[in-house]
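Please read the following briefing alongside the sequence and the model. It takes up confidence, domain layout and one helix packing in turn.

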Amino acid sequence: MCGLLCGCGNLPEPYPPPAQRPFFEAPAEAGRILNMSDADAEPHFVQDIDTALQGNTWRWTGKRPTIHLHPNTNQKLLYSIDFAIAGSTFQQTGPVTLSFFVNDHLLDRVRYAAPDRRRFQKPVPAEWLEPGENVTLAAEIDKVWTPPQPGGKPLGFILVALGLEQQDAEQK
Amino acid sequence: MKALAALAAAAFTVMACYGLGALLAARLGARLRRDEKFPLAFVLGAAVLHLAIFAVMALQIAYKPVLIAMLSGCVAAALATGDWRLPVAEDAERDRPLPGAIRYLFGIIFGIVAAAFTVLYLFNAWAPEISPDGSSYHLGLVSRYLRAHGFERVTTNMLLTFSEGVEMLYVPAFAIGRHSAAALVHFAFLIALALAVLAYGKRIGKPQAGAAAALLVYLSPIVGIDGTAAYTDVATAAIMFSVFYWIQLWDENRDSRLLIAAGLLAGYCYAAKYTAFVMLVYAVGFVAWRTRKWRPAVLLVGWSLTMAVPWIAKDWIYVRNPVAPFANQWFPNPYLYVLIEKLWTARMRTYGLTNLWTLPLEVTIRGEATQGLLGPVFLAAPLALLALWSREGRKLLIPCALVLITYFGNVGTRFLIPCLPFLSLAMLIALEGIAPALALLIVFHAVTSWPTVLMRYTHAWSLSGIPYKAALRIIPEEEYLGAHPEYQWARMVERNVPPGKLVFTLSGLPDAYTTREVLISYWGGLNNDVGDALNMGWIKAWQPARLSSFILPDSKYRRLRVVQTGTATIPDEQWNIHEMRLYHGGSELPRRPEWRLQASPNPWGVQRAFDNSEATRWRSWETLRPGMWIAIDLGRDEAVDRVQLELSGDEWDAKMRLETTDAQGRWVALDVPTEERTVRYSGSLRRAATYEAHLRGVDYFLIKDDDFGASDYAEWSGDWGWTRLEHAHGASLYKVNPQQLSPPGVNP
């Protein structure tokens with residue numbers, strides 16, 4: 001009994017919060033697909049991406065959603081975007097054209113005549129990027145959905161993931 | 001010179017034990033026969049001397065002159081009183097010598113076998129010590145205590161929380177003659193054990209069976225390699241058999257003074273190895289049964305406590321657990337985690353064997369899984385059942401059975417050594433008088449236990465030859481030891497790590513050959529925390545993987561508690577929380593100093609869920625089960641609308657509910673919706689892990705090439721923030737670059 005009491009006496013008093021740890025940046029990656037559900041997604045947003053995550057996987061965009069990444073190479077990179085044209089917005093906008101940019105260089109322009117889930121990928125010319133430097137990636141929609149009530153937020157499309165993927169990257 | 005010093009130091013220690021034991025035996029009125037005086041006095045003296053050395057260590061006066069004076073005093077006192085002398089040989093009444101020719105032949109065979117193995121053992125014990133446990137923790141602790149001139153509070157090596165009764169005798173031997181002196185002291189226990197078995201055979205009128213049983217024990221391969229290294233198993237067996245012997249001496253004349261010796265030795269059993277304390281149960285039971293009185297039993301227990309209590313107190317003071325490293329569930333402490341104990345003891349119960357019915361073959365012939373073999377002759381162990389038909393046999397089988405019960409807590413072959421004296425005598429007393437059978441058995445045992453024969457049928461841990469050149473230091477010690485990579489690792493640490501710095505390893509090294517403190521990843525709470533951070537640095541499954549949120553109605557709360565409701569499907573699944581965050585209106589509540597954090601179990605680790613590091617986590621360190629909890633007292637009512645937990649990828653069964661307190665302060669469940677999402681951390685977990693190690697004083701890492709994660713540490717050493725100082729003999733030594741940890745990077 002004595003021993004058991006001593007055992008109970010071992011328990012400590014409640015603790016205050018400890019010193020908060022610093023953040024250590026990861027080394028630059030060759031490529032990164034930024035999923036909208038990633039915990040660290042928001043620090044990569046530059047503009048026109050909603051802060052609210054929908055259905056745990058996607059976010060509404062505005063006219064020109066833009067993110068920044070920090071690739072450590074400019075070789076064999078693929079612009080990659082996973083998105084959807086929503087049926088509800090399509091009813092108002094009709095067919096839309098999306099322009100894809102890397103560091104404000106127009107990579108391509110594609111017209112979408114029906115609402116659906118889409119994926120676009122295209123190699124990025126190496127001379128548009130500097131290894132180890134920030135790069136901005138954007139996708140601009142020509143027509144946004146305008147809410148009927150005044151003051152509402154205009155909506156572009158549904159963004160699931162956007163980023164750079166290295167071609168022939170070895171799977172670890 | 002080193003060879004002589006080792007031999008002299010061991011001899012000096014053995015003489016002191018014998019002298020002290022002889023003094024005490026005489027004061028207790030023990031009438032020991034000539035053949036039993038050395039083994040019984042030596043072991044009894046060892047018990048008392050160990051306590052004196054414990055006192056020296058506790059007083060922090062373990063200097064070489066003090067130790068030498070202590071040994072000298074024991075020898076001088078025994079010489080001065082005349083107790084040193086062996087009694088005159090007498091023909092035991094019950095000795096029934098064999099006819100002349102047979103006795104001569106019997107003596108020749110047994111003599112040759114015993115001499116050959118003694119030469120084998122002596123040179124192995126005398127050679128520089130590099131046995132796995134001997135050169136790591138048994139002598140590692142001796143070396144450490146001697147540097148500190150006494151006990152040190154060590155909370156980072158659970159092996160150092162075991163009682164160290166035999167190691168106390170290694171202290172003076174090591175101080176004078178270094179490592180191999182300690183191994184030679186252990187060898188002295190082996191000789192004492194064999195002589196005690198021999199003497200007991202004579203005492204019960206079975207001299208040939210006694211001689212053969214002594215050789216069964218002495219020649220056993222596991223006894224040979226263990227008893228010639230700085231281990232403690234053979235010494236423990238000698239102490240346990242001595243308890244039995246003194247109890248039998250008492251039973252002959254019922255002189256209660258002899259119970260003092262038996263009690264001291266039973267207590268010394270605890271000091272040598274916890275499980276050996278079963279001999280107190282035997283002694284108390286035997287005495288109570290024979291006398292039908294409680295006073296002799298109380299006397300036994302009382303004297304045994306004088307030997308055991310110091311070790312209980314040491315653990316109680318140092319790690320808050322009197323029986324550490326066990327029973328951490330009952331004596332919770334931050335130094336030894338419950339789950340580690342549980343997994344470790346589970347492993348000890350099987351050694352990876354899926355079928356324990358293979359144990360008889362494993363411990364007698366194979367020996368690879370259980371790390372050593374007794375020898376094929378012990379397949380004949382069922383012969384011991386014949387002893388049931390004799391009174392002497394039953395006396396032996398009772399302690400044998402008791403000791404055997406404890407074996408199943410650790411099925412390593414060496415944990416059977418304490419059984420062997422009883423078992424061997426029980427096996428052979430029925431063959432007393434059948435000298436050819438005994439001789440054949442011994443010759444068979446000798447042949448199958450000799451190193452060159454052993455290596456034909458097993459790769460188990462055993463002696464491999466007679467290293468006489470190393471023993472005599474014809475081959476210099478450095479050269480002999482240098483052929484062992486583990487020794488080179490210790491020297492690498494010694495060369496590169498400044499004094500006072502901690503070194504972290506995943507699988508240990510010979511601590512006795514470095515003066516730096518080595519943290520093995522699994523032997524302590526701090527070690528487990530550092531190891532866990534390192535693993536999180538590179539193992540995706542252990543990293544933050546899931547955000548689990550409770551969405552609260554916008555209201556104010558003073559206390560919040562998350563309670564586990566899930567049950568693990570595998571024993572090593574824990575509840576892990578990297579971070580617990582509170583939000584209101586989309587913003588995280590700043591963690592104010594007034595907050596108070598608690599958790600159960602592992603309350604000591606709760607801050608790791610509130611340190612803003614993804615490379616740390618509060619872990620239950622117990623198998624995930626319902627009822628575990630983590631709680632925050634905010635110190636005042638605060639508006640909270642979200643409680644968010646970051647969980648690991650390796651807790652598949654975690655399910656939780658949120659609670660708060662009502663007006664009476666009782667915890668009540670909050671029926672609120674939850675959200676789940678996956679997470680990915682964008683920072684460097686490797687660097688964050690290094691930061692945590694650095695905070696805990698660990699700046700050096702010895703990683704062997706085949707260690708878990710070795711290739712990640714080598715390939716990503718820059719990301720870890722480490723510099724490789726040396727790579728040799730299959731291991732790398734890394735150093736943390738403090739400038740890469742401070743100033744910190746950008747906080748997103």
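**Confidence and domain layout of chain B**

In this predicted model, chain B has a mean pLDDT (the predictor's confidence in each residue, from 0 to 100) of 94, and 97% of its residues reach 70 or more. Local features need pLDDT of at least 70 and side-chain atom pairs count only at pLDDT 80 or more, whereas totals for chains, interfaces and linings use all residues. Residues are numbered from 1 along each chain as its sequence is written, while chains are lettered from A and ligands numbered from 1 in the order in which they are written.

**Confidence**
- The predictor assigns the complex an ipTM of 0.87 and a pTM of 0.86.
- Over residues 743-748 of chain B pLDDT stays under 50.

**Domains**
- An automatic or database domain assignment divides chain B into domain 1 (2-86 + 110-457), domain 2 (494-531 + 685-740) and domain 3 (544-678).
- The C-alpha centres of domain 1 and domain 3 of chain B lie 50 Å apart.

**Helix packing**
- Helix H2 (residues 34-58) and helix H10 (residues 233-253) of chain B, both DSSP runs (H or I, at least four residues) numbered from the N terminus, pack at an angle of about 110°, with their axes 10 Å apart; the axes are lines fitted to C-alpha atoms over the stretch in contact, and angles run from 0 to 180 degrees between N-to-C directions.
- That angle makes H2(B) roughly perpendicular to H10(B), a term covering 65 to 115 degrees.
- The contact (C-beta atoms, placed from the backbone, within 7 Å) involves B:Leu40, B:Val43 and B:Leu44 of H2(B), and B:Ala238, B:Ile239, B:Ser242 and B:Tyr245 of H10(B).

How values were computed
Helices (H or I, at least four residues) and strands (E, at least two) are DSSP runs, numbered from the N terminus. Angles under 35 degrees count as roughly parallel, over 145 as roughly antiparallel, 65 to 115 as roughly perpendicular and the rest as oblique. Two residues are in contact if their C-beta atoms, placed from the backbone, lie within 7 Å.
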